[in-house]
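User: I'd like to learn how to read cysteines and helix packing in a model. Can you walk me through it?

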Amino acid sequence: MNKRELEPGIITDLAGRTTYGDYLQLDRLLSAQVPRSQPPHHDELLFIVQHQTSELWMKLLIHELSACIRYIQADRLEPSFKIFARVAHIQRMLFEQWSVLETLTPNEYLEFRDTLGSASGFQSFQYRALEFLLGNKDPHALGPFRHVPSVHGELERLLVSPSIYDEFLRHLARTGHAVPADRVERDWRQPYEKSSQVTEVFRRIYEDIEQHWDAYEMCEKLVDTEERFQLWRYRHMMTVMRIIGFKQGTGGSSGVGFLRKALDLRFFPELWDVRTELAPPAARPPRGHEGG
């Protein structure tokens with residue numbers, strides 16, 4: 001018989017018990033997809049689910065990166081490496097989601113695009129929180145959130161706090177590396193500006209990984225995270241291009257042109273620059289001649 005019998009221990013009388021739907025609040029979650037097109041256009045649900053699930057993954061990403069920052073502040077790099085492994089998979093899920101939205105054709109999107117009004121992904125406060133956590137600071141980016149005090153307040157807190165990269169540089173300074181003082185204390189609201197002195201710190205770490213293994217591993221975790229973030233940005237830009245071409249964005253931006261500019265931004269510039277500076281092992285000076 002092509003049938004699986006229920007095991008006797010499976011609970012079927014759920015009256016008064018916590019159920020799967022209760023725990024996940026599925027009544028709220030699954031009622032949050034409300035198409036605005038009239039009559040509802042078939043593809044609008046795809047558009048809504050795509051962005052809602054992205055926001056859920058971003059919520060988890062913020063949760064994980066915030067934990068990483070706390071470990072770095074406590075000079076405990078090793079526990080953060082497990083978190084970065086999870087971050088990698090979350091980023092992969094965000095990247096792969098674009099393939100679903102790419103099934104939306106230009107004609108299908110135009111059927112309901114007007115219902116978005118001025119709504120735009122630029123207004124995602126969680127995306128802005130991610131950029132602040134990673135170091136892309138811009139006080140002007142708070143503008144779209146003035147009308148929601150709780151959101152504005154949380155973003156302002158992240159704006160004035162050190163990013164994950166700032167905290168890593170402060171950790172390196174505490175552990176004896178020659179990080180310049182203006183990278184240990186600065187106006188955290190401003191975008192990070194790269195420093196040749198910081199590149200030199202990383203050169204020494206990369207050229208003696210046995211002595212600086214945890215710092216070296218953290219460097220590579222950060223590079224991994226930025227690379228995946230950039231690939232996500234690029235996939236976003238390409239998805240927008242194939243669906244709306246070079247139309248203006250619903251939020252007033254230039255659309256693809258605006259998204260393309262983000263690809264020039266760097267969260268951790270010296271970690272990319274140091275790759276150019278590294279010499280082959282045979283060409284490196286003896287460690288005692290490096291000045292510490």
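Analyst: We'll take the cysteines, then one helix pair. This is a predicted model, where local features need pLDDT of at least 70, side-chain atom pairs count only at pLDDT 80 or more, and totals for chains, interfaces and linings use all residues. Residues are numbered from 1 along each chain as its sequence is written, and side-chain values use heavy atoms, with hydrogens and water left out.

User: How many disulfides does the structure hold?

Analyst: A disulfide is a covalent bond between the sulfur atoms of two cysteines. Here a pair counts if the sulfurs are within 2.5 Å, and the structure holds zero. Cys68 is in none; the sulfur of Cys219 has its closest cysteine sulfur in Cys68, 14 Å away, so that is too far for a bond.

User: Is Cys68 buried or exposed? And Cys219?

Analyst: Buried means under 20% relative accessible area, exposed over 50%, partly exposed in between (1.4 Å probe, protein chains only). Cys68 is buried at 0%, and Cys219 is buried at 0% too.

User: At what angle do α8 and α10 pack?

Analyst: Helices are DSSP runs (H or I, at least four residues), numbered from the N terminus. Axes are lines fitted to C-alpha atoms over the stretch in contact, with angles from 0 to 180 degrees between N-to-C directions. Helix α8 (residues 164–174) and helix α10 (residues 196–206) pack at about 65 degrees, axes 12 Å apart. That makes the pair roughly perpendicular (65 to 115 degrees).

User: Which residues meet there?

Analyst: With contact meaning heavy atoms within 4.5 Å, Tyr165, Phe168, Leu169 and Leu172 in α8 meet Val198, Val201, Phe202 and Ile205 in α10.

Terms used: Helices (H or I, at least four residues) and strands (E, at least two) are DSSP runs, numbered from the N terminus. Angles under 35 degrees count as roughly parallel, over 145 as roughly antiparallel, 65 to 115 as roughly perpendicular and the rest as oblique.
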